Amino acid sequence: MAMATIRSNLLRAAFRGASQNSAQPKRGFASSAHDDVRETAKWEKITYAGIIACTTLAFYNLSKGHPHHEEPPAYPYLHIRNKEFPWGPDGLFETKEH
């Protein structure tokens, strides 16, 4: 691509018969490539810092214990059966107590 640009500039200069320096002034863009590289590097560093922070917080939260509550007492009035179920005296998913 760069060679084609140089060749086309040389051909233009030859056709014009210009003996003066045919170096064109550099175009100024709205943002330079250095700003883009700097901005990309900044956001890459922020991303890596965020990944490390989130991973550290996740390990910390997962390494802490969580409370285990005691089983509630077996109150006899919680399983009152006034009528027999069609599948038998026990509940469908309960085990028989002997």
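Trainee: What share of the 98 residues in the protein is buried?

Mentor: Buried residues make up 3% of the 98. This is a predicted model. To count as buried, a residue needs under 20% relative accessible area.

Trainee: How much surface does the protein expose, and what do carbon and sulfur atoms supply?

Mentor: The protein exposes about 10,200 Å². Carbon and sulfur atoms supply 62% of that area.

Trainee: What does the secondary structure come to?

Mentor: Two helices and zero strands. Helix H2 spans 33-63.

Trainee: How many salt bridges does a search of the whole structure find?

Mentor: The search finds two. Asp-35 and Arg-38 form one of them. Glu-39 and Lys-42 form another.

Trainee: Why is the contact between Asp-35 and Arg-38 called a salt bridge?

Mentor: The N to O distance is 3.3 Å. The cut-off is within 4 Å, for a side-chain nitrogen of Lys or Arg and a carboxyl oxygen of Asp or Glu. The pair Asp-35 and Arg-38 therefore qualifies.

Trainee: Where do Asp-35 and Arg-38 lie?

Mentor: Both are in helix H2, three residues apart. That spacing is about one turn of the helix.

Trainee: What makes Arg-38 exposed?

Mentor: Its relative accessibility is 55%. Exposed means over 50%, so Arg-38 counts as exposed.

Trainee: And why is Asp-35 called partly exposed?

Mentor: Asp-35 has a relative accessible area of 38%. Partly exposed lies between 20% and 50%, so Asp-35 belongs there.

Trainee: How do you know that Glu-39 and Lys-42 meet in a salt bridge?

Mentor: Their side chains come to 3.2 Å, N to O. The limit is within 4 Å, so the pair Glu-39 and Lys-42 passes. The two residues are three apart in helix H2, separated by about one helical turn.

Trainee: Are Glu-39 and Lys-42 buried, exposed or partly exposed?

Mentor: Glu-39 is partly exposed at 38% relative accessibility. Lys-42 is partly exposed too, with a relative accessible area of 39%.

Trainee: Which residues form the nonpolar patch on the surface?

Mentor: Tyr-75, Tyr-77, Leu-78 and Ile-80. Together they have about 450 Å² of accessible area. Tyr-75 is found in the segment after helix H2.

Trainee: What makes Tyr-75 accessible enough for a patch?

Mentor: Tyr-75 has a relative accessible area of 39%. Patch residues need over 30%, so Tyr-75 meets that cut-off. Tyr-75 still counts as partly exposed.

How values were computed
Residues are numbered from 1 along each chain as its sequence is written. This is a predicted model: local features need pLDDT of at least 70, side-chain atom pairs count only at pLDDT 80 or more; totals for chains, interfaces and linings use all residues. Side-chain values use heavy atoms; hydrogens and water are left out. Helices (H or I, at least four residues) and strands (E, at least two) are DSSP runs, numbered from the N terminus. Buried means under 20% relative accessible area, exposed over 50%, partly exposed in between (1.4 Å probe, protein chains only). Accessible areas come from the Shrake-Rupley method with a 1.4 Å probe; for residues, only the protein chains shown count as cover. Patches are made of residues with over 30% relative accessible area and no salt bridge: like charges are joined within 9 Å, nonpolar side chains (Val, Leu, Ile, Met, Phe, Trp, Tyr) within 5 Å.
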